[in-house]
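Reader: I am new to this structure and should be grateful for a close look at a single part of it. Please choose a residue in a strand as the starting point, and then relate what you find to other places in the chain.

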Amino acid sequence: MKLSRKDLLRATLSTAAAGLLPLEALAQQAGKTVTALTNEDLIAMEKIAGIQFSEEERKAILASVEQQNGLYKSLREAVPDRAAEPRTIFTPYGGGSVPNAKVVARPNPVSVSLKGKTDEDIAFLSAQELGVLIKSRALSSTRLTKIYLDRLKNYGPKLLCLVTLTEELALAQAAQADKEIAAGHYRGPLHGLPYGIKDLFYTKGIVTGFGAEPFQHQVPDIDATVVEKLRDAGAVLVAKLSLGALAMNDHWYEGRTKNPWNPAEGSSGSSAGPAAATAAGLVAFSIGTETQGSITSPSQRCRVTGLRPTYGRVSRHGAMELSYTMDKVGPICRTVEDCALVFAAICGHDSLDPSSVDRPFTWPGKVNLKKLKIGVLVGNDPKVFDTKVGRDPSLKFLKEQGANLAPLKLTPLPEACSLVLDVEAASAFDALTRSGEVNKIAASLWPAFFRAARYVPAVEYVQAQRLRCIAMARAEQELGDFDLFVSDGIGEYTVSLVNQCGYPQAIIPQGVRTSGSTTTGISKSFTGRLYQEDLVLAVARMVQEAGGFHRLRPDALKW
């Protein structure tokens with residue numbers, strides 16, 4: 001009988017553990033050079049792991065640990081960066097696909113005219129309004145694309161939000177859209193609309209630099225699924241937009257992306273470019289990603305509208321991997337309506353992303369506020385609820401419309417669950433770390449994160465995932481009969497919890513706060529139950545329309 005290499009290793013391991021085969025023979029039969037480990041090495045690792053074995057226990061496992069060490073080289077060679085994600089597929093609590101799930105999205109009726117409008121006025125129209133103009137042929141996709149290309153050339157470098165201008169491709173796609181629409185072939189509300197995408201999505205033949213020096217000349221030979229879906233919807237790709245290096249903060253290899261409302265500060269991260277470009281009227285809409293705040297945080301800073309969908313609702317195929325079980329793809333737009341229309345075009349199961357699912361989505365969603373129980377996120381002080389409802393315009397509006405508002409307190413995510421992101425990110429960029437290329441990334445905390453994660457025992461990573469499951473079940477129990485909840489900013493103390501549980505969240509601008517000479521945007525978040533994007537967006541849209549803050553625009557003269 002011919003033994004496989006795997007069988008041979010198992011056999012030699014058991015023999016070596018019994019003391020019958022010297023380490024050198026084990027290494028020779030395994031075909032690997034193994035550096036002998038000592039009892040002191042095991043003691044050092046025990047200190048890192050927070051455990052303690054006896055001398056006898058260490059003696060019994062030393063050969064096994066040495067054997068594991070000998071396998072690491074072949075493992076690293078077989079699994080290069082971004083080759084494949086683990087087949088242990090993450091699914092939110094009670095999640096997964098459902099049969100015959102339909103996605104239906106039609107824009108709400110809107111009246112819009114070009115009369116008296118300048119190119120700048122046109123640039124700041126919502127995607128919904130631009131879609132009406134293009135469908136009626138009052139505005140051509142080519143003209144709109146040229147408006148945005150000119151603005152990207154003029155303001156993109158000033159705001160440091162533009163990585164690559166895809167001018168040739170954009171003009172060709174715009175011309176095709178005009179031709180199809182003239183022939184009566186209208187693809188839907190995104191047809192002919194120019195958009196920008198975070199520069200961590202693969203675009204065939206176009207640089208995809210991840211915001212980091214080691215990748216700034218990387219040219220993929222595939223398109224990400226979300227790029228393909230938007231092309232099928234007739235959207236026009238005009239730009240690759242900046243992100244913080246490897247999806248952290250707003251610093252990339254050309255500098256710090258600026259907030260259009262206050263260029264003295266950054267636009268926050270990591271979807272820095274999409275938020276800044278949308279706020280500055282450089283694109284009709286944009287696509288970002290979030291692992292833990294990367295859509296909501298820049299949306300708040302740049303005073304735009306963002307949607308972080310339920311984990312798995314939009315394919316991650318062709319996007320830079322950071323966390324296999326936490327990365328989400330979503331739109332950043334000027335209005336909630338725009339987010340709904342873009343989401344409808346990009347959601348759905350993709351065979352190339354094993355975590356993606358089919359779930360129904362209907363827009364415009366039918367919502368009766370009088371039948372909803374909406375939570376207001378509070379801490380330990382019960383007086384906070386009454387104060388918030390009495391002073392907060394968005395909550396007052398919901399109450400006046402008949403919504404049943406009630407205080408909600410959620411147990412924060414256990415801190416130990418942070419190990420999930422640390423380890424998965426380190427795994428995704430392990431080759432970069434071991435090669436030393438990670439040191440080329442300027443002004444980044446990632447090198448230290450990646451190296452520190454190397455000292456997290458595999459057992460503890462699995463335990464962190466188990467704890468995450470406990471946290472998900474507890475969150476569902478605490479949410480009880482609430483349909484959704486409202487929170488300040490990007491979600492207050494629930495940011496980590498809702499991301500690791502996979503809940504959808506919409507964020508909208510709700511005014512400004514002035515302190516001395518500094519003015520900052522105020523945002524409100526609406527977080528819903530799994531796969532309830534239509535309800536979350538419907539409520540957020542009502543509040544947004546009542547406030548009207550989404551219609552404001554920054555002063556381009558400051559850039």
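Author: Helices and strands are understood here as DSSP runs numbered from the N terminus, with H or I over at least four residues for a helix and E over at least two for a strand. The model is a predicted one, in which local features need pLDDT of at least 70 and side-chain atom pairs count only at pLDDT 80 or more, while totals for chains, interfaces and linings use all residues. Residues are numbered from 1 along each chain as its sequence is written, and side-chain values use heavy atoms, with hydrogens and water left out.

The starting point is Ser 523, which belongs to strand β17, residues 518–528. Its relative accessibility is 3%, so Ser 523 counts as buried; the term stands for under 20% relative accessible area, whereas exposed stands for over 50% and partly exposed for values in between, with a 1.4 Å probe and protein chains only. Which residues does Ser 523 touch, not counting those up to four places away in sequence? They are Gln 300, Asp 488, Gly 489, Ile 507, Ile 508, Pro 509 and Gln 510, where contact means heavy atoms within 4.5 Å.

A second strand residue may be set beside this one. Pro 331 lies in strand β11, residues 328–333, and is buried because its relative accessibility is 0%. Leaving aside neighbours within four places in sequence, Pro 331 is in contact with Ser 286, Ile 287, Ile 295, Thr 305, Gly 306, Leu 307, Cys 339, Val 342 and Phe 343. Thr 118 stands 213 residues from Pro 331 along the chain, and 26 Å separates their C-alpha atoms.

The loop that leads into β11 brings in the aromatic rings. Rings of Phe, Tyr and Trp (its six-membered ring) pair if their centres lie within 6.5 Å; planes under 30 degrees apart are called stacked, those over 60 edge-to-face, and the rest tilted. The count under this rule is 11 aromatic pairs. In one of them, Phe 90 and Tyr 311, the ring centres are 5.1 Å apart and the planes stand at 70°, so the arrangement is edge-to-face. Phe 90 is placed in the loop between α4 (55–78) and β1 (103–105), and Tyr 311 in the loop between β10 (305–308) and β11, so the pair ties together parts 221 residues apart in sequence. Phe 90 and Tyr 311 are both buried. In another pair, Trp 446 and Phe 450, the centres are 5.0 Å apart and the planes are at 15°, so these rings are stacked. Both residues sit in helix α17 (residues 446–453), where a spacing of 4 residues means that about one helical turn separates them. Trp 446 is buried, as is Phe 450. Ring pairs also join Trp 446 and Phe 450 with Tyr 202, Phe 210, Phe 215, Phe 429 and Phe 449 in a cluster.

Charged side chains take part as well. The charged end of Arg 468 sits over the ring of Phe 90, 3.9 Å from its centre; the rule asks for NZ of Lys or CZ of Arg within 6 Å of the ring centre and within 35 degrees of the ring normal. Likewise, the charged end of Lys 373 sits over the ring of Phe 482, at 4.5 Å from the centre.

The loops show further features of the backbone. Asn 100, in the loop between α4 and β1, has a phi near 55°, a positive value in a residue other than glycine. Asn 100 is exposed because its relative accessible area is 75%. Ala 443, in the loop between α16 (430–435) and α17, has a positive phi near 50°. With 62% relative accessibility, Ala 443 therefore counts as exposed. Cis peptide bonds, with omega about 0°, join Gly 269 to Ser 270 and Trp 363 to Pro 364. Ser 270 lies in the loop between β8 (262–266) and α10 (272–279), and Pro 364 in the loop between β12 and β13 (373–377).

Finally, where is Leu 352 found? Leu 352 is in the loop between α12 (336–346) and β12 (361–363). Its relative accessibility of 52% is why Leu 352 counts as exposed. Although Leu 352 and Ser 315 are 37 residues apart in sequence, their C-alpha atoms are 7.9 Å apart in space.
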